Amino acid sequence: MNKKLQAVRGMNDILPADGRLWLYLEDTARRVFEQYGYQFVRMPVVENTALFVRGIGETTDVVEKEMYTFEDSLSQESLTLRPEATAGIVRAAIEHNFTYERGQRVWTVGPMFRHERPQKGRYRQFYQLDVEALGFSGPDVDAEQIILLARLWKALGLDGMVTLKINTIGDAADRRAYRERLIAYFSQHMDVLDDDSQRRLHRNPLRILDSKNPTMQSVIGRAPRMIDHIGADARAHFDTLQKLLKEAGLHFDIDTRLVRGLDYYNRTVFEWVTDKLGAQGTVAGGGRYDGLFEQLGGKPTPACGFAAGIERLILLLQDSGARITEMPLIYLAFLGENAAGFSWRIAEMLRDQGFFVEMNAGGGNFKVQMKKADAKGARIALIVGDDEAQNQEVTVKWLRENDKTNEAGRAEQERVAVTALPKWLNEQFENTRGA
Ligand code: HAM
């Protein structure tokens with residue numbers, strides 16, 4: 001027997017019922033990003049594996065165990081489905097030299113792939129909104145991106161559900177010295193470290209700070225803190241960032257253990273988190289990565305960016321009971337020989353005027369068509385039979401409760417001449433609430 005075909009584990013279908021919410025989220029984000037001068041870019045989903053190994057870091061979880069890597073059967077190159085967007089954007093910036101004359105603010109959206117254990121809010125194909133400012137060294141750009149996100153949360157009605165954590169992890173030299181300090185410290189507590197952390201001790205000791213293992217918390221709590229061992233420039237950068245955030249009226253916590261899971265960061269790191277999604281509570285994360293261009297063969301170019309997980313934001317939006325206001329849908333129901341052609345012309349005429357019109361397809365009597373209109377959530381139905389066609393009219397019927405019991409005592413159903421229809425619809429939609 002043939003095996004039933006199903007989506008790959010950890011990779012989700014986005015179905016019609018949720019499509020509108022995804023578009024609403026993406027449209028809202030796009031508007032906010034453009035308000036800050038970020039320009040849209042789109043890079044390939046597949047890149048050479050070396051890009052991620054060099055960019056994200058050999059000892060990170062992502063590179064060690066989460067990448068979808070395969071050999072191209074023709075070229076025999078090792079290729080990888082992108083686990084994140086930053087490395088690809090920096091690769092493209094170097095390849096096309098688009099930061100040559102001035103800094104560039106860019107953003108993108110699309111699928112990323114990580115072979116993680118799927119759970120709520122964590123998938124193997126997931127979508128990110130990704131924002132990068134390339135060629136800017138000052139803390140003003142770090143602050144701008146954090147403030148931009150605060151604006152996005154507000155626009156989405158999620159501002160009460162997320163909080164901001166920031167930290168500084170210093171510059172590369174600070175980190176090298178701190179790394180040695182951490183190794184020395186944790187080496188004295190080998191008996192407390194779990195297997196994962198013992199394995200990380202010499203490879204990536206900063207990641208031990210991230211461990212959620214309860215038995216290690218007290219040792220981690222007493223570990224030397226990065227923030228106490230950073231240079232004067234990184235310190236000043238962090239101080240200014242805090243000042244700018246305060247001036248913008250943003251509340252934040254300094255989380256001295258926040259280190260992030262990718263190796264390219266320096267100085268500022270930040271995360272927006274929620275307590276509404278269980279273990280996968282980080283909805284957006286990012287920071288500064290001044291060394292990545294050089295790491296990937298480009299000229300030294302300071303940069304800062306973040307990514308937000310769309311599935312997690314969708315879960316939050318559903319949780320918040322967000323109601324999306326959309327253009328009222330008009331459903332065009334028709335029956336009869338002459339009605340069909342007439343209805344097509346009406347639908348196109350209304351679309352010319354910017355209305356949203358769905359035409360009934362697949363026939364059915366008026367009762368059946370009205371059921372379909374209702375299921376679609378249409379505001380109003382235009383009903384066209386041969387009699388209406390003959391008289392160049394339509395019968396209009398309100399479908400939502402609020403519209404039917406309108407204060408003005410408007411008829412639930414009436415006839416309107418086609419020539420008067422666009423004006424009539426505009427007036428009606430202005431004066432009614434729907435729902
Ligand atoms: P990241 O922290 O690995 O950073 O991912 C950013 C966000 O993507 C997370 O906070 C989360 O919301 C979402 N995310 C990550 N993994 C998954 C998953 N398996 N399932 C669902 N959502 C997920 C980066 O990717 C960096 N490139 C961000 C950045 C841009 N830094 C500088 N520029």
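User: What does the secondary structure of the chain come to?

Analyst: This is a predicted model, and its chain has 16 helices and 16 strands.

User: What makes the chain more spread out than a compact globule?

Analyst: Set two values side by side. The radius of gyration is 28 Å, while the globule rule gives 22 Å for 435 residues. The chain's value is well over the rule's, so we call it more spread out than a compact globule. If you'd like a box to picture, the C-alpha atoms fill one of roughly 90 × 60 × 50 Å along the principal axes.

User: How many of the residues count as buried?

Analyst: Buried means under 20% relative accessible area, and 51% of the 435 residues count that way.

User: Why is Val8 called exposed?

Analyst: The cut-off for exposed is over 50% relative accessible area. Val8 comes in at 52%, so it counts as exposed. You'll find Val8 in the segment before helix H1 (16–35). Its C-alpha atom is 8.9 Å from that of Arg124, although the two are 116 residues apart along the chain.

User: What makes helix H4 mostly covered?

Analyst: Just count: 8 of the 11 residues in H4 (86–96) are buried. Those are Thr86, Ala87, Gly88, Ile89, Val90, Arg91, Ala92 and Ala93. Their cover includes strands E2 (46–48), E5 (104–113) and E6 (125–134), plus helices H2 (49–56) and H10 (292–295). Right after H4 comes Asn97, with a positive phi near 55°.

User: Which residues touch the most other members of the largest nonpolar core?

Analyst: Phe33, Trp153 and Trp272 do, in a core of 48 residues. Helix H5 (139–156) gives the most to this core, with 9 residues. A second core lies apart from that one; it has 44 residues, including Ala92, Ile220, Ala223 and Ile230. As background, nonpolar side chains tend to be buried together in soluble globular proteins.

User: What does Trp153 touch, leaving out residues up to four places away in sequence?

Analyst: Trp153 touches Leu158, Asp159, Val162, Trp272, Val283, Ala284 and Leu313. To count as a contact, heavy atoms have to be within 4.5 Å.

User: How do you know that contacts join residues at least 24 apart?

Analyst: Take the contacts between residues at least 6 apart in sequence: 71% of them join residues at least 24 apart.

User: And what about charge: how many positive and negative side chains are there?

Analyst: There are 57 positive and 61 negative ones, and the centres of the two sets lie 3 Å apart.

Technical notes
Residues are numbered from 1 along each chain as its sequence is written. This is a predicted model: local features need pLDDT of at least 70, side-chain atom pairs count only at pLDDT 80 or more; totals for chains, interfaces and linings use all residues. Side-chain values use heavy atoms; hydrogens and water are left out. Helices (H or I, at least four residues) and strands (E, at least two) are DSSP runs, numbered from the N terminus. The radius of gyration is taken over C-alpha atoms; the globule rule is 2.2 Å times the number of residues to the power 0.38. Buried means under 20% relative accessible area, exposed over 50%, partly exposed in between (1.4 Å probe, protein chains only). Lys and Arg count as positive and Asp and Glu as negative; His and the chain ends are not counted. The place of a charge is taken as NZ of Lys, CZ of Arg, CG of Asp or CD of Glu. A nonpolar core is a set of buried Ala, Val, Leu, Ile, Met, Phe, Trp, Tyr and Cys residues joined through side-chain atoms within 4.5 Å.
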